[in-house]
Amino acid sequence: MVLELEMNRVAGRFVERAVGERSGLVGVRVVLDPELVERPRRRRFSAEYKLRVLREAEACTESGEIGALLRREGLYSSHLSRWRKQRAAGALEALGRSRGRKPADGRDAEIAQLRRRAERAEAELVKARRVIEVQGNVSARLGEPLRPEGAIESRSSGRRCSRPSKS
């Protein structure tokens, strides 16, 4: 029993090794915790953090202060040089914006709604023109010419007009 506990304690040290490395123990069963992440995650720094660190680095005047700052923050000198280039190019302001899809502009939704309304109105106009055409065909077959609603026949010329004459 003591030997088993000792082997489990020793095996626990080797669990932290990368997957695929040999632990040197033969016959010891190592149970990996499913909550452990096998791959390290890449660090991401916000634009505010980058600018703050750059301001602190520029405020350093004595020898070794920048090194102490980098050690305290867990950064490399290459971070500072890359962030300085980004700041000079104006990229840090762009990094401050949220990632992902940009919020929809209200005008885009309104334009889409107006386009749908226009398409529906055009479809209704096509239907109305077909109905008028069918009515004209029926009227022609029956021999009765269509009179527009509200039309008044002129007595002098026998023509129909839509407005009464002022004579």
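**Exercise 1. Classify the aromatic pair of Phe45 and Trp83.**

The structure holds three aromatic pairs. This is a predicted model, where local features need pLDDT of at least 70, side-chain atom pairs count only at pLDDT 80 or more, and totals for chains, interfaces and linings use all residues. Side-chain values use heavy atoms, with hydrogens and water left out, and residues are numbered from 1 along each chain as its sequence is written.

Step 1: Recall the cut-offs: rings of Phe, Tyr and Trp (its six-membered ring) pair if their centres lie within 6.5 Å, and planes under 30 degrees apart are stacked, over 60 edge-to-face and the rest tilted.

Step 2: Phe45 and Trp83 have ring centres 5.2 Å apart and planes at 70°, so this pair is edge-to-face.

**Exercise 2. Place Phe45 and Trp83 in the chain.**

Step 1: Phe45 sits in the loop between α1 (2-14) and α2 (47-59), and Trp83 in helix α4 (residues 77-89), so the pair ties together parts 38 residues apart in sequence. Helices here are DSSP runs (H or I, at least four residues), numbered from the N terminus.

Step 2: Trp83 is buried, at 2% relative accessible area, while Phe45 is partly exposed at 23%. Buried means under 20%, exposed over 50%, partly exposed in between (1.4 Å probe, protein chains only).

**Exercise 3. Describe the pair of Tyr49 and Trp83.**

Step 1: Their centres lie 6.2 Å apart with 80° between the planes, which is edge-to-face.

Step 2: Tyr49 belongs to helix α2 and Trp83 to helix α4, so parts 34 residues apart in sequence are tied together.

Definitions and conventions
Helices (H or I, at least four residues) and strands (E, at least two) are DSSP runs, numbered from the N terminus.
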